[in-house]
Amino acid sequence: MEIDLSFAFIAVIFALGFVGSFISGMLGVGGSIIKYPLLLYIPPMFGLVAFTAHEVSGISAVQVLFASIAGVWAYRKSGLLNKDLIIYMGAAILIGSFIGSYGSGFLSEDAVNIVYGILAGIAAVMMFIPRKTVEDSKEITFNKVLASSLALVVGVGSGIVGAAGGFLLVPIMLTILKIPTRVTIATSLAITFISSIGGSIGKVMTGQVEYWPAFIMIIASIIAAPLGAKVGQKMNVKMLQWLLAVMIGATAIKIWVDIFQQ
């Protein structure tokens with residue numbers, strides 16, 4: 001696709017990246033689940049280029065890779081990064097995300113949108129499941145086969161749409177694997193980063209990445225995500241959670257309707 005780097009194009013893409021990253025930083029959810037519908041539907045409203053589902057997923061994958069680096073770096077000396085979880089879940093999600101992202105190059109536009117529709121529906125529900133606090137303990141044990149299997153499945157699905165799967169990893173680690181809350185938050189960031197490596201490589205290899213929009217969104221996310229995290233610590237985000245869940249849910253419904261009307 002020939003990208004027209006007009007001021008309007010740069011301003012709109014930057015704004016979408018900023019808003020998406022600010023919200024994801026504020027709520028602690030993966031940015032791609034928000035940015036996918038923004039990139040898919042907003043640019044054409046301004047008379048700009050309409051990205052395909054493959055291009056949207058490619059841009060998201062590369063952007064998440066860089067956005068997640070900052071999060072992992074912040075926790076590097078915290079002592080909350082569990083090496084066993086990172087090794088087992090990280091290896092599995094790396095394989096899964098590469099399979100999903102590379103394989104998505106052979107899927108139709110509708111198939112990519114269907115996977116997003118499924119993940120978006122799950123994400124909307126996940127936002128209202130209470131995050132059960134698991135007490136911190138020095139000895140962390142978990143079912144390694146179960147952890148690896150779940151990470152592999154999350155990797156495949158999120159790899160297809162260019163997400164890193166953080167919005168699914170956190171509830172899985174808290175609820176199913178019973179990992180302490182603070183360790184979950186830090187370690188899921190590291191696993192998300194590993195997932196985004198596999199996702200980015202697969203998207204690049206299959207030519208699904210538009211580099212200029214990805215670069216613009218990376219710059220926006222580096223600025224906006226830390227700001228969102230600071231604001232999120234100081235405000236009650238319940239109303240925003242509702243609005244975001246409605247937006248994600250509505251996007252999923254629109255995607256399903258568009259598919260069935262074809």
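# Notebook: helices and serine contacts

I began with serine 60, whose side chain reaches the backbone oxygen of valine 56 at 2.9 Å. I note at the outset that this is a predicted model. Serine 60 has its place in helix 3, which covers residues 53–74. I then looked up its exposure: serine 60 counts as buried because its relative accessibility is 2%, and the cut-off for buried is under 20%.

**Entry on serine 104.** I turned next to another serine, which lies in helix 4. Is serine 104 buried or exposed? I found a relative accessibility of 0%, so serine 104 counts as buried. I also looked up its side chain, which reaches the backbone oxygen of serine 101 at 2.6 Å. Serine 101 is itself listed among the buried residues of helix 4.

**Entry on helix 4.** I then examined this helix as a whole. Helix 4 runs over residues 83–104 and has 22 residues. I recorded 30 Å from its first C-alpha to its last, which is close to the 32 Å expected at 1.5 Å a residue. Where is the kink in helix 4 centred? I located the kink on glycine 90, with an angle of about 25°. Gly90 is also one of the buried residues of this helix. Others that I noted as buried include Leu85, Ile86, Met89, Ala92 and Ile93. Further along, Gly96, Ser97 and Gly100 are also among the buried residues.

At the start of helix 4, I looked up asparagine 82. A side-chain oxygen of asparagine 82 comes to within 3.2 Å of the backbone nitrogen of aspartate 84.

**Entry on helix packing.** I reminded myself that two packed helices are described by the angle between their axes and the distance between the axes. I applied this to two pairs that involve helix 7.

For the first pair, I took helix 6 (residues 144–161) and helix 7 (residues 166–176). Their axes come within 11 Å and cross at roughly 160°. Angles over 145 degrees count as roughly antiparallel, and helix 6 and helix 7 are therefore roughly antiparallel to each other. The crossing of helix 6 past helix 7 is right-handed.

For the second pair, I took helix 5, residues 109–126, together with helix 7. What is the angle at which helix 5 and helix 7 pack? I recorded about 50°, with the axes 10 Å apart. Helix 5 and helix 7 are therefore oblique to each other. I noted a left-handed crossing where helix 5 passes helix 7.

Conventions
Residues are numbered from 1 along each chain as its sequence is written. This is a predicted model: local features need pLDDT of at least 70, side-chain atom pairs count only at pLDDT 80 or more; totals for chains, interfaces and linings use all residues. Side-chain values use heavy atoms; hydrogens and water are left out. Helices (H or I, at least four residues) and strands (E, at least two) are DSSP runs, numbered from the N terminus. The expected span of a helix is 1.5 Å times one less than its number of residues. The bend at a residue is the angle between axes fitted to the seven residues ending there and the seven starting there. Buried means under 20% relative accessible area, exposed over 50%, partly exposed in between (1.4 Å probe, protein chains only). A polar contact is a pair of N or O atoms within 3.5 Å; within protein, one must be able to donate a hydrogen and the other to accept it, and residues adjacent in sequence count only if both atoms are side-chain atoms. Axes are lines fitted to C-alpha atoms, for helices over the stretch in contact, and angles run from 0 to 180 degrees between N-to-C directions. Angles under 35 degrees count as roughly parallel, over 145 as roughly antiparallel, 65 to 115 as roughly perpendicular and the rest as oblique. A crossing is left-handed if the near helix is turned anticlockwise from the far one by less than a right angle, and right-handed if clockwise.
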